[in-house]
Amino acid sequence: MDEALKEKKLLQNAVVQLGAALSAVHLVAVIFQWYHTYSWIDIPQHLAGGVFAALFFYWLYYAHPRFFKLVPGTLAPLVLVLSWTAFLGVLFEFAEFTYDRIAVDYFSLAHRYTQLGLADTMGDLFFDILGGLTLAIFMRLRYDKRKRQL
């Protein structure tokens, strides 16, 4: 199996496994109200969410290179991965807001909000972007190391 195919498979498996783990932990945390009981759980969830968003971007980047005409070694991939990570973080915050409006306010299915205010939202987005940046740096170093070996 060639190196590019291995890379795509590795990224795909990582995306699926991390996405499933994040979804499971989030579901359990909402059901048992861990976000209120253990407020610190939000930080690793969003950090891992940022890593997930960046992994998803890199999987798309390697799986469909014809859609990404980027010059390697420039800042364009970093800007794109951080933009993608921030975008998905904002979408997740909108999903929390919508959940609160529908499940809590309209249907009274839950007793506590998932959206804890502006400071919480800004912290969530910060850790989303930090997770994406961490993975982007890792991928850049890995790519540069491979390039030097050739």
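Which residues do ring pairs link into a cluster? The cluster consists of Phe 52, Phe 56, Trp 59, Trp 84 and Phe 87, linked to one another by ring pairs. Before returning to these rings, it helps to look at the whole of the model, which is predicted.

The protein contains five helices and zero strands, so that, in the order of the sequence, its pattern reads α-α-α-α-α. Measured out along the principal axes, its C-alpha trace spans about 60 × 30 × 25 Å. Of its 150 residues, 27% are buried, and among the contacts between residues at least 6 apart in sequence, 69% join residues at least 24 apart.

The confidence of the prediction can be read from the pLDDT, which averages 87 over the protein, with 91% of the residues scoring at least 70. Among the elements, helix α3, residues 42-63, has the highest mean pLDDT, at 93, while helix α5, residues 118-149, has the lowest, at 86. Where pLDDT is low, the predicted coordinates should not be read in detail.

Helix α3 is a convenient place to begin a closer look. Its 22 residues reach 31 Å from the first C-alpha to the last, which is close to the 32 Å expected at 1.5 Å a residue. Several of its residues are buried, including Asp 42, Gln 45, His 46, Gly 49, Gly 50, Ala 53 and Ala 54, and also Leu 55, Phe 57, Tyr 58 and Tyr 61.

From here the path leads back to the aromatic rings. The protein has twelve aromatic pairs, and one of them is formed by Trp 84 and Phe 87, whose rings are 6.1 Å apart from centre to centre and are tilted, with 40 degrees between their planes. Both of these residues lie in helix α4, three residues apart, which is about one turn of the helix. Trp 84 counts as partly exposed because its relative accessibility is 24%, and Phe 87 is likewise partly exposed, with a relative accessible area of 44%.

Helix α4, residues 76-106, also holds Glu 96, a residue that is buried and yet has no salt bridge. The nearest side chain of opposite charge belongs to Arg 101 and is 9.9 Å away, whereas a salt bridge would need the nitrogen and the carboxyl oxygen to lie within 4 Å. When neighbours within four places in sequence are left aside, Glu 96 is in contact with His 46, Thr 114, Gln 115 and Asp 124; of these, His 46 is one of the buried residues of α3.

A charged pair that does meet the rule is found elsewhere, for the count comes to one salt bridge. This salt bridge is formed by Glu 7 and Arg 142, whose closest N and O atoms are 3.3 Å apart. Because Glu 7 lies in helix α1, residues 3-31, and Arg 142 in helix α5, the pair ties together parts that are 135 residues apart in sequence. As for their surroundings, Glu 7 is buried, at 6% relative accessibility, while Arg 142 is partly exposed, with a relative accessible area of 27%.

A last stop concerns the backbone. Most residues other than glycine have a negative phi. Gln 33, however, has a positive phi of about 55 degrees although it is not a glycine. Gln 33 counts as partly exposed, because its relative accessibility is 26%.

Notes: Residues numbered from 1 in each chain as written. Predicted model: local features only at pLDDT ≥ 70, side-chain atom pairs only at ≥ 80, totals over all residues. Heavy atoms only, no water. Helix = DSSP H or I, 4+ residues; strand = E, 2+ residues; numbered from the N terminus. Buried < 20%, exposed > 50% of the residue type's maximum accessible area, 1.4 Å probe, protein only. Lys, Arg positive; Asp, Glu negative; His and termini not counted. Contact = heavy atoms within 4.5 Å. pLDDT = per-residue confidence, 0-100. Phe/Tyr/Trp six-rings, centres within 6.5 Å; stacked < 30°, edge-to-face > 60°. Expected span 1.5 Å × (residues − 1).
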